[in-house]
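Let's take a walk through this protein together, starting from one spot and working outward. Have the sequence and the 3D view open as you read.

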Amino acid sequence: MAHRTPPGSSASHASCLDLWREKNDQLVQQAKVAQDSGLSPRRQQLAQDALEGLRGLLHSVQGLPAAVSVLPLELTVICNFITLRASLAQGFTEDLAQDIQQGLERVLETQEQLKARLEHGLRGLWDSVLHVSSLLPELLPALHHLAGLQAALWLSTDRLGDLTLLLQTLNVSQSRASEDLLLLLKTWRPPAEESDAPLTLQDAQNLKGVLLTAFAYRQGLQELITGNLPRALSSLHEAASGLCPRPVLVQVYTALGTCLRKMGSPQRALLYLVAALKGESTWGPPLLEASRLYRQLENTAAEIECLELLVEALSVAHIPEAPQLLIEVELLLPRPDPTSPLHCGTQSQAKYLLASRCLQTGRAENAAEHYLDLLALLLDGLEPKFSPPPCPRGPCVPEVFLEAAAALIQAGRAQDALTVCEELLSRMSSLRPKRPRLWEDARRGTKELPHCSPWVSATYLLQGHARVQLGTQKEAISEFSRCLELLFQATPTDKEQGPASSCEQGCTSDVALQQLRAAALISRGLEWVASGQDTKALQDFLLSVQMCPGNQDASFHLLQTLRRLDRRDEATALWRRLEAQTELPQENVAWSLPLYLETCLGWIHPPDRETLLEEFRTSLLETCDL
């Protein structure tokens with residue numbers, strides 16, 4: 001009778017070990033062939049077949065009781081499976097943690113310690129396994145490799161506390177007391193694999209380099225966001241010197257540029273941004289940061305050029321390179337955050353930045369064209385969900401219309417501005433109750449959007465200025481009056497409606513509403529002056545001073561009107577107040593006003609206030625001499 005080897009015996013393990021190892025090596029080679037195939041269906045098929053082969057191999061190995069002699073191969077197969085699975089999925093999934101846990105449990109099975117440790121979870125399993133590994137030195141290379149994958153999973157899911165404890169255990173002989181993750185990663189020394197060890201897709205030493213780079217970059221970016229610039233600089237330099245693929249290096253160099261700009265080293269910042277722009281890669285973040293740098297240096301021409309290049313770069317479809325079938329730095333980085341200084345946004349957001357900066361810097365014709373391009377994107381549905389740039393506070397879509405109209409007026413295109421305003425009013429009409437229902441709806445508690453009236457009022461204000469430019473004075477006064485009527489009907493925002501968005505806060509803030517009322521009153525007053533009706537102008541200028549005491553433009557227009565009406569005593573008293581204000585140190589009050597309103601306020605600004613005060617002083621002296 002033939003002798004049969006019982007399942008689980010050492011002979012059974014030995015007979016399978018060579019076959020399993022050969023299968024593992026074959027599948028690793030297949031995955032490497034797939035990697036060299038570029039972006040092609042064949043690559044995907046080869047990689048998927050290799051993954052399924054590793055899954056089947058792992059199932060065969062774990063179908064037998066755990067044995068110390070087989071564990072190095074079994075743990076290696078687990079590492080290869082996790083590496084290929086995560087790279088194909090471009091991220092870690094929860095079931096990969098279960099694969100790690102199963103490998104640890106198999107190690108403890110060989111030492112008959114599993115039941116006593118299961119209740120402590122994955123952290124407890126690692127403590128137990130690494131304690132046991134001192135008795136099983138042949139497992140150390142594979143265990144450190146698996147620990148590296150566990151570290152990658154915990155880093156990608158922000159479980160930094162567990163990661164710190166794991167590395168402290170791995171580094172027990174070096175720096176257990178340290179809680180500095182970067183230091184712990186540097187001092188981690190994965191044991192070298194034997195020359196005859198099973199093949200791996202990615203060894204522990206390479207994985208350590210990826211972890212070190214990814215964590216250094218994550219830490220540097222976080223320190224940059226929180227304002228700890230020296231630490232950010234140190235961590236980002238560490239990331240740049242590590243295993244940094246080109247797309248990540250672009251981000252690191254851009255972050256270094258941002259950090260150095262904020263630290264007051266613009267020339268050093270520029271060197272990193274130039275380095276980030278070399279070669280074929282994602283140019284958006286460094287171009288956006290370069291525009292910020294040139295703005296800080298007051299080099300407006302270079303700033304605008306960077307924004308133009310940014311719009312162009314974001315309009316080109318980016319063809320991604322085939323990802324490595326390895327755990328790469330990109331897999332361990334946080335998802336793109338709109339509040340990050342490295343977020344360059346969409347083409348429409350870049351177009352808005354370009355348009356608004358052109359408007360702010362006096363390039364009215366360019367601004368008008370860029371705004372019209374942006375509106376075309378929005379109205380054609382190519383950018384159905386336009387969201388404002390996160391920093392500084394960006395506009396809502398109605399504010400884009402208003403800024404476009406302001407730019408067109410500034411460029412002398414009043415008729416086009418009226419067209420834009422009419423389009424905005426037609427879109428806002430569905431959001432506002434009809435006028436006869438206004439008070440009835442208020443009594444019932446049904447209100448229009450709290451920010452809707454200021455937008456509509458601002459539209460009438462801009463239409464009024466377009467009418468002024470067209471020379472239709474009567475229609476201009478009518479538009480300004482409609483603006484004021486809406487503004488004086490507006491009720492305070494109901495606090496029970498919840499917190500407003502940053503855009504709504506910008507357009508409904510007390511300062512913005514005050515300045516909007518003052519702009520409408522002054523604008524109408526100036527038209528009364530132009531038509532020779534100084535008495536009506538006086539009423540509007542007086543009211544604007546009362547509504548917005550801090551607006552000196554209203555006071556200067558009032559002074560001129562009082563002089564024309566020969567109301568000498570009132571004019572003298574007002575002049576003395578203005579003289580006293582000009583002699584006081586001016587506070588640098590940063591009003592957060594919408595750009596369209598800032599532009600409009602520029603139109604009603606007296607051309608030379610100092611000359612006006614001097615002329616009034618001279619006339620007073622002449623009167624005294626008489």
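Which residues does Thr213 touch, not counting residues up to four places away in sequence? In this predicted model, the answer is Ala239, Gly242, Leu243, Cys244 and Val329. Thr213 itself sits in helix α10, which covers residues 204–226. With a relative accessibility of 2%, Thr213 counts as buried, because the cut-off for that label is under 20%.

One of those partners, Ala239, leads us to the next helix. Ala239 is among the buried residues of α11, together with Leu229, Ala232, Leu233, Ser235 and Leu236. The cover over these buried residues includes α10 and α12, the latter at residues 246–262. Helix α11 itself runs over residues 229–240, and its twelve residues should span 16 Å at 1.5 Å a residue; the end C-alpha atoms are indeed 16 Å apart.

Now step back to see the whole chain. Its secondary structure comes to 29 helices and zero strands. Of its 626 residues, 50% are buried. Among contacts with a separation of 6 or more, 67% are between residues 24 or more positions apart. The accessible surface comes to about 30600 Å², and carbon and sulfur atoms account for 52% of that area.

Further along the chain is helix α15, residues 300–315. Its 16 residues reach 23 Å from the first C-alpha to the last, close to the 22 Å expected at 1.5 Å a residue. Which residues of α15 are buried? They are Ala302, Glu303, Ile304, Cys306, Leu307, Leu310 and Val311. Their cover includes α14 (284–296) and α16 (347–360).

Here a record adds something to set beside the model. An unreviewed UniProt entry annotates residues 287–317 as a "coiled-coil region". In the model, residues 287–317 are 84% helix and 0% strand, and the C-alpha atoms at the two ends are 17 Å apart.

Next, look at the charged side chains. A search of the whole structure finds 22 salt bridges. One of them joins Glu479 and Arg482, with 3.9 Å from N to O. Both residues lie in helix α22 (residues 473–489), three residues apart, about one turn of the helix. An α-helix has 3.6 residues a turn, so residues three or four places apart point the same way. The two partners differ in their surroundings: Glu479 is buried at 6% relative accessibility, while Arg482 is partly exposed at 38%.

A second salt bridge brings together Asp540 and Arg524, at 2.8 Å from N to O. Asp540 belongs to helix α25 (residues 534–547) and Arg524 to helix α24 (residues 510–530), so this pair ties together parts that are 16 residues apart in sequence. Asp540 and Arg524 are both buried.

The salt bridge between Glu570 and Arg567 is also at 2.8 Å from N to O. Glu570 is partly exposed at 40% relative accessibility, and Arg567 is partly exposed as well, at 34%. Elsewhere, salt bridges that share partners join Arg261, Glu289 and Arg292 into one network.

What about the cysteines? The structure holds zero disulfides. Cys600, for example, is in no disulfide, and the nearest cysteine sulfur, that of Cys483, is 8.5 Å away. Since a disulfide needs the two sulfur atoms within 2.5 Å, that pair does not qualify. Cys600 counts as buried, at 1% relative accessibility. Cys79 is buried too, with a relative accessible area of 1%.

Finally, turn to the loops, where two residues have backbone angles worth a look. Gln90 has a positive phi of about 55 degrees although it is not a glycine. Its place is the loop between α3 (71–89) and α4 (94–110), and Gln90 is partly exposed, with a relative accessible area of 43%. Asp566, also a residue other than glycine, has a positive phi near 60 degrees. Asp566 is found in the loop between α26 (552–564) and α27 (568–583). With a relative accessible area of 54%, Asp566 counts as exposed, because that label applies over 50%.

Conventions
Residues numbered from 1 in each chain as written. Predicted model: local features only at pLDDT ≥ 70, side-chain atom pairs only at ≥ 80, totals over all residues. Heavy atoms only, no water. Helix = DSSP H or I, 4+ residues; strand = E, 2+ residues; numbered from the N terminus. Expected span 1.5 Å × (residues − 1). Buried < 20%, exposed > 50% of the residue type's maximum accessible area, 1.4 Å probe, protein only. Contact = heavy atoms within 4.5 Å. UniProt positions renumbered as here; feature names shortened; annotations may be inferred. Areas by Shrake-Rupley, 256 points an atom, 1.4 Å probe, with all protein chains shown as cover. Salt bridge = Lys/Arg side-chain N within 4 Å of Asp/Glu carboxyl O.
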